[in-house]
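Colleague: I'm new to this one and would rather see a single spot properly than get a quick tour. Could you pick one part, walk me through it, and then show me how to read the rest in the same way?

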Amino acid sequence: MKGLRRVRQDGKLYVYHRATGIRMPDLPENHLDFLDAYREAERSRTNPKPRGKGKPGTMLAVWHAYCTSDAFAILSVSYQGVRRRDGHKLIETGGAVPIRSIKPGHIQNDLAALTPHQARERRKTWRAIMAFAMARGLIQVDPSADVKTAAPPKPRQHEPWTQSDVEAFRSRWTIGSAQRLAFELIHWAGCRISDAVRLGPGHVSADGWLEYRQQKTAGHVAIPFDRPLPEFANPADLAHLHASIAALGTRHMTWLATATGRSRSEKAASQWFSAAARTAGLKGRTAHGLRVTRAILLAESGASTHQIGAWTGHESLKEIAHYSHQADKKRILDGPKTERKIVQNRNS
């Protein structure tokens with residue numbers, strides 16, 4: 001793989017992205033997580049690592065120290081890229097500024113030119129740097145503590161798919177097509193498309209779990225794949241996924257690989273899938289809407305909040321509860337078919 005620098009020290013191999021200096025994960029270079037980190041480093045080349053470490057006490061020096069700290073290391077690879085891009089913006093113009101001289105007004109002025117979403121993210125970077133500086137005794141008061149940002153607009157709600165939507169997509173895209181496989185994978189796993197494009201045979205454990213770490217949160221997810229299902233899971237949906245995978249011709253590292261065997265990028269896959277939905281006559285239906293759909297289906301089938309979170313990887317119980325409220329309340333109150341039969345027999 002081009003653009004990597006390999007250093008062996010004390011018997012251990014360290015791999016760095018040459019252009020940015022970013023250290024790669026301690027994984028085989030053909031591992032999916034390693035490839036994700038490499039792609040993220042390649043994307044960050046537009047924000048090259050500043051030269052030099054700066055004078056002690058300056059923003060540049062504190063930034064370099066923060067980037068080698070445990071607080072930075074525990075962030076997911078993708079979020080490290082987000083944090084790094086914001087940090088580079090700060091030190092491009094203020095790297096030589098002593099961190100003790102930073103006032104709330106300076107931070108507020110920096111945020112003023114950004115959109116609400118960008119400002120909230122930039123404020124997180126400011127607060128991370130200042131928290132690190134306070135822990136090192138470089139400042140006594142955090143100038144970012146009381147800085148406010150405007151509330152961002154509520155994110156667009158991804159509409160859940162109805163059963164008729166599901167049937168329309170399956171009718172248009174038959175088993176054997178890449179579009180159908182993408183649909184069945186996301187529909188069953190309830191995953192983000194950023195994770196779907198990375199999944200493949202290597203993510204199925206010996207005991208039949210589909211296991212992966214989420215790209216966005218680094219949280220671990222394990223979903224039944226080739227093992228007995230919990231009562232609230234619909235085996236017919238899993239059968240559709242197995243049939244779609246079995247219809248694949250050539251096996252690749254990822255199920256959603258292109259015809260040439262290359263892994264799809266998250267952005268390209270999202271646009272590709274939305275186009276497939278439109279072709280099926282489903283305007284406005286998205287891959288993320290299928291993630292919402294899976295959470296709702298689990299709730300309708302009697303899964304608890306914690307069971308839904310374990311399946312979809314949602315970490316916010318409040319968010320899961322929101323999806324549960326969207327479930328078909330009539331089906332929840334109606335109960336499983338077996339329960340209805342028992343009641344009818346007792347009354348007969």
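Modeller: Let's start with Gln 214 and the company it keeps: skipping neighbours within four places in sequence, Gln 214 is in contact with Arg 192, Asp 195, Gly 219, Val 221, Arg 291, Thr 312 and Gly 313 (contact means heavy atoms within 4.5 Å). Keep in mind that this is a predicted model, where local features need pLDDT of at least 70 and side-chain atom pairs count only at pLDDT 80 or more, while totals for chains, interfaces and linings use all residues. Residues are numbered from 1 along each chain as its sequence is written, and side-chain values use heavy atoms, with hydrogens and water left out.

Where does Gln 214 lie? Gln 214 is in the loop between strand E3 (209–213) and strand E4 (220–224); strands (E, at least two residues) and helices (H or I, at least four) are DSSP runs, numbered from the N terminus. Its relative accessible area is 3%, so Gln 214 is buried (buried is under 20%, exposed over 50%, partly exposed in between, with a 1.4 Å probe and protein chains only). The side chain of Gln 214 also makes a polar contact of 2.7 Å with that of Arg 192. That term means a pair of N or O atoms within 3.5 Å; within protein, one must be able to donate a hydrogen and the other to accept it, and residues adjacent in sequence count only if both atoms are side-chain atoms.

Two of those partners, Arg 291 and Thr 312, lead us to a pair of helices. Arg 291, Arg 294, Ala 295, Leu 298 and Ala 299 in H12 meet Ile 308, Trp 311 and Thr 312 in H13. These residues divide into 5 nonpolar, 1 polar and 2 charged (Ala, Val, Leu, Ile, Met, Phe, Trp, Tyr, Cys and Pro count as nonpolar, Asp, Glu, Lys and Arg as charged, and the others, Gly among them, as polar). The axes of H12 (residues 287–300) and H13 (residues 305–312) come within 10 Å and cross at roughly 145°; axes are lines fitted to C-alpha atoms, for helices over the stretch in contact, and angles run from 0 to 180 degrees between N-to-C directions.

Arg 294 turns up again in a network. Start with Arg 180, which forms a salt bridge with Glu 184, the closest N and O atoms being 2.7 Å apart (a side-chain nitrogen of Lys or Arg within 4 Å of a carboxyl oxygen of Asp or Glu). Arg 180 and Glu 184 sit 4 residues apart in helix H8 (residues 178–189), about one helical turn, and both are buried. Through shared partners, salt bridges join Arg 170, Arg 180, Glu 184, Asp 237 and Arg 294 into one network.

By this rule there are 10 salt bridges. Another links Arg 122 with Asp 86, again with closest N and O atoms 2.7 Å apart. Arg 122 is in helix H6 (residues 116–135) and Asp 86 in helix H4 (residues 77–94), so this pair ties together parts 36 residues apart in sequence. Both Arg 122 and Asp 86 are buried. Also in H6, Lys 124 and Glu 121 lie 3 residues apart, about one turn, and their side chains meet in a salt bridge of 3.9 Å, N to O. Lys 124 is partly exposed, at 44% relative accessibility.
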